[in-house]
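This report looks at a ligand, the residues around it and the pockets of the protein. Please keep the sequence and the structure in view while reading.

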Amino acid sequence: MERTLILVKPDAVQRGLTGEIITRFERKGLKLVGARFLQISNDLAARHYAVHKSKPFYNDLIKYITSGPVMAMALEGKGAVAVCRKLMGATFGKDAEPGTIRGDFAMDKLNIVHGSDSIENAEYEISLYFKPDDLVEYELNNGRWIN
Ligand code: GDP
């Protein structure tokens with residue numbers, strides 16, 4: 001089953017939105033298979049955002065993602081990568097549709113949540129935050145009511 005990496009970013013943790021954001025994904029029917037509350041080091045941030053190294057906003061991005069603790073989660077479900085991107089909404093809060101996480105909680109570039117943008121990146125990103133043993137294999141009791 002497809003998996004994706006979600007981060008509840010530092011602004012969302014500080015604003016007390018961690019539970020609300022987890023709920024959005026749970027309510028949709030995604031299965032939580034890994035969770036870790038951590039402060040991202042500069043080294044981990046650089047590995048996570050290596051694709052953005054040449055971008056003008058790279059330094060701001062590293063400063064942002066290392067500015068406080070995050071909640072990292074591995075979520076599982078049919079088409080999990082695309083489903084989570086839809087739930088998150090457009091990158092900047094002002095552009096994101098109401099009803100999406102960013103549309104409901106963000107105004108600008110501090111955008112509350114990260115989600116992998118491809119299956120390949122999801123596998124890589126999950127491996128940055130979780131050892132294979134950290135991910136839990138189990139059946140959701142209500143899974144047959146979702147799938
Ligand atoms: P995402 O996949 O929707 O998160 O967007 P991107 O992969 O394009 O960018 C990664 C992250 O970099 C975004 O979530 C923002 O936190 C940040 N970011 C993107 N563009 C900008 C920008 O122009 N300025 C700043 N400061 N941050 C940006």
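## The shell around the ligand

Which helix gives the largest share of the shell around the ligand? In this predicted model, the answer is helix H4, which spans residues 58-65 and supplies three residues of the shell. The full set of residues around the ligand is Lys9, His52, Phe57, Asp60, Leu61, Tyr64, Arg85, Thr91, Phe92, Arg102, Lys109 and Asn111.

Sorted by class, the shell holds five charged residues, four nonpolar ones and three polar ones.

## Polar contacts and cover

Several side chains place polar atoms beside oxygen atoms of the ligand. For Thr91, a side-chain N or O atom is 2.7 Å from a ligand oxygen. For Lys9, a polar side-chain atom lies 3.0 Å from an oxygen atom of the ligand. The side chain of Arg102 also has an N or O atom 3.0 Å from a ligand oxygen.

How much of the accessible area of the ligand does the protein cover? On its own, the ligand has 550 Å² of accessible area, and the protein covers 79% of this.

## The largest pocket

The ligand takes up the space of the largest pocket. This pocket has a volume of about 670 Å³. Its lining is made of 26 residues, and those closest to the centre are Lys9, Tyr49, His52, Phe57 and Leu61. Lys9, His52, Phe57 and Leu61 are also among the residues around the ligand.

Two or more lining residues come from each of these elements: helix H3 (42-48), H4, helix H5 (80-88), strand E4 (113-115) and helix H7 (119-129). By class, the lining of the largest pocket has eleven nonpolar, eight charged and seven polar residues.

## The second largest pocket

What volume does the second largest pocket have? About 260 Å³ of space lies in it. The lining consists of 15 residues, with Met1, Gly29, Glu76, Gly77 and Asn147 nearest the centre of this pocket.

The lining of the second largest pocket divides into six nonpolar, five charged and four polar residues.

Definitions and conventions:
Residues numbered from 1 in each chain as written. Predicted model: local features only at pLDDT ≥ 70, side-chain atom pairs only at ≥ 80, totals over all residues. Heavy atoms only, no water. Near = heavy atom within 4 Å. Polar contact = N/O pair within 3.5 Å; in protein donor to acceptor, adjacent residues only side chain to side chain. Areas by Shrake-Rupley, 256 points an atom, 1.4 Å probe, with all protein chains shown as cover. 1 Å grid on protein atoms, 1.4 Å probe; cavity = no way out; pocket = protein on both sides within 12 Å on 5 of 7 lines; lining within 4 Å. Sits in = over half its atoms within 2 Å of the grid points. Helix = DSSP H or I, 4+ residues; strand = E, 2+ residues; numbered from the N terminus. Nonpolar A, V, L, I, M, F, W, Y, C, P; charged D, E, K, R; others polar. Points joined across faces, edges and corners; volume = space filled by probe spheres on them.
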